[in-house]
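Hello,

Here is the structure I promised to pass on. Have a look at it first, and my notes follow underneath.

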2 protein chains.
Amino acid sequence: MNPVIDLLKSHRSIRKFTSQALSPEQIDAIVTSAQAASTSSNVQAYSIIAVTEPAIRLELARLAGSQAYVEQSGLFLVFCADLHRIRQATEQQGETFHQNTESFIVATVDAALAAQNAAVAAESMGLGVCYIGSIRNEIDSVSRLLRLPELVYPVFGLTIGVPDQAPSPRPRLPKQAVVHENTYKPEQAAAGVQAYDEVMSEYYQTRAGGKAVTNWSRSIADKYRKPVRAHMRSFLDAQGFRLD
Amino acid sequence: MNPVIDLLKSHRSIRKFTSQALSPEQIDAIVTSAQAASTSSNVQAYSIIAVTEPAIRLELARLAGSQAYVEQSGLFLVFCADLHRIRQATEQQGETFHQNTESFIVATVDAALAAQNAAVAAESMGLGVCYIGSIRNEIDSVSRLLRLPELVYPVFGLTIGVPDQAPSPRPRLPKQAVVHENTYKPEQAAAGVQAYDEVMSEYYQTRAGGKAVTNWSRSIADKYRKPVRAHMRSFLDAQGFRLD
């Protein structure tokens, strides 16, 4: 279609990087692109922590489950949902700040939109990226390490660098499972999942050298048959977020 | 830097479109790009409703506060956070589905990452976009209109079409307000907000022909001095989401 769409379609997560640092120009392009993303009513309810200090990166890697690529990429950004700055602006104007589930959604979405622009900008320069949701494993320790104030939470990290591997894009759910016309059709989605299970069964077998006999539904069931990161709500409460 | 970064940096929301429809190839490129975005552990916890039926678009425009550009663009997509498909896959494997605030975040983020790729893809083809958060104004009616099942909620709409206006990008907060090195520095952010207030005061005055005497902090305070969309939590509860 065009080179931008080709770029978007060729995305794959990179989990092995060379040790090459990013240039200040590259970092500036990534951050400026992030800031140019859409934001709800211009509230810009997110912040970015650029982690450059090796000791902090090492500790982040440990907290995220010892992922070498958290520590060893050219750049590590933590995208945070941020209502702190907005509360400060509101109170500085002599008003009382109101928050709820809606403002939590706004801040979380703003962080994600900015991050995806950062990811696309990085990939346009030939860099690779990987989102690091596992910084939420020990979200309280991560937040203290980065000295996040009340009303700021780390949504995910983004590790960016020069790729030292060339994986293929992973197959996605077929369109029928994800895209609906006018109204949501559960049966259509279920049929799409069934078709995807066959695709992914083959994909997993090829990748695992025939050892893994599973499919997408099974991998989802294995993940969600027990609570994942059950500490999240109590962390957010302690961090000052109100989900009412 | 490069054409992709130039594209990202030139983003501005479009709120007036020609009546030109999108071609099937354009729609396919937008949706495929959305699906190529990163997703937490490949869970792909989002769905897209492509609203093509004029009566549904008209009703959506009314529910979103009569925004003509919801009704009159070439394409209207509703991005939904979707745990329904994941629960179905889990239960079909004979397991009990567990959800909490963490899975709510995952689904919301997945919807946002996909949407931002869709926005970038559209803009790469010379189209304009505007995120429509106001579909959350009457989120219950919107969800019934689109027949969203339990565990699916509409995060925002994305209206896409051929621009019939050429606004300039809106200034963003200075980097010092948004980007921190290693640790979050509230004073640095506050200084950045103060600088931005001056920029935006001038920007608002220019745009409003000298009538508006306000700044960013004031606009934020006006928004957050009262609860915004206070119905969100009870809607999500009724839709089956558990935020514990």
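Let me start with A:R229, which is buried at a relative accessible area of 17% (buried means under 20% relative accessible area, exposed over 50% and partly exposed in between, with a 1.4 Å probe and protein chains only). A:R229 sits in the loop that links α10 (216–224) to α11 (232–238) in chain A; helices (H or I, at least four residues) and strands (E, at least two) are DSSP runs, numbered from the N terminus. Residues up to four places away in sequence aside, A:R229 touches A:G133, A:S134, A:R136 and A:N137, as well as B:N100 and B:E102 of the other chain. Contact here means heavy atoms within 4.5 Å.

Some housekeeping before I go on. This is a predicted model, in which local features need pLDDT of at least 70 and side-chain atom pairs count only at pLDDT 80 or more, while totals for chains, interfaces and linings use all residues. Residues are numbered from 1 along each chain as its sequence is written, chains are lettered from A and ligands numbered from 1 in the order in which they are written, and side-chain values use heavy atoms, with hydrogens and water left out.

Now the two copies. A turn of 180° with a shift of 0.0 Å along the axis lays chain A on chain B with an RMSD of 0.0 Å, the superposition being by least squares on the C-alpha atoms of residues with pLDDT of at least 70 in both. The two copies are therefore related as by a two-fold rotation axis. The same surface serves both copies, as 100% of the contact residues of chain A recur in chain B.

Within chain A, there is a domain 1 (3–168) and a domain 2 (175–222), with bounds from an automatic or database domain assignment. Their C-alpha centres are 29 Å apart.

Strand β1 (residues 46–51) of chain B deserves a look in your viewer. Six of its six residues are buried, so β1(B) is largely enclosed by the rest of the structure. One side carries B:Y46, B:I48 and B:A50, the other B:S47, B:I49 and B:V51, and all of these are buried. What does β1(B) pair with? Six bridges join β1(B) to strand β2 (residues 75–82) of chain B, and the two run antiparallel; B:S47 has B:C80 as its bridge partner there. Three bridges also join β1(B) to strand β5 (residues 179–181) of chain A, this time in parallel, with A:E181 opposite B:A50. Strands count as paired if DSSP finds at least two bridges between them.

Two further buried residues in chain B are worth selecting. B:D110 lies in helix α6 (residues 101–124) and counts as buried at 1% relative accessibility. Beyond its neighbours within four places in sequence, B:D110 is in contact with B:S38, B:T39, B:S40, B:V43, B:Q44, B:A45 and B:Y46. B:I132 belongs to strand β3 (residues 128–132) and is buried at 2% relative accessibility. Its contacts outside the four nearest places in sequence include B:Y69, B:F76 and B:F156. The C-alpha atoms of B:I132 and B:Y69 are 9.5 Å apart, with the two positions 63 residues apart along the chain.

Happy browsing, and write back with any questions.

Best wishes
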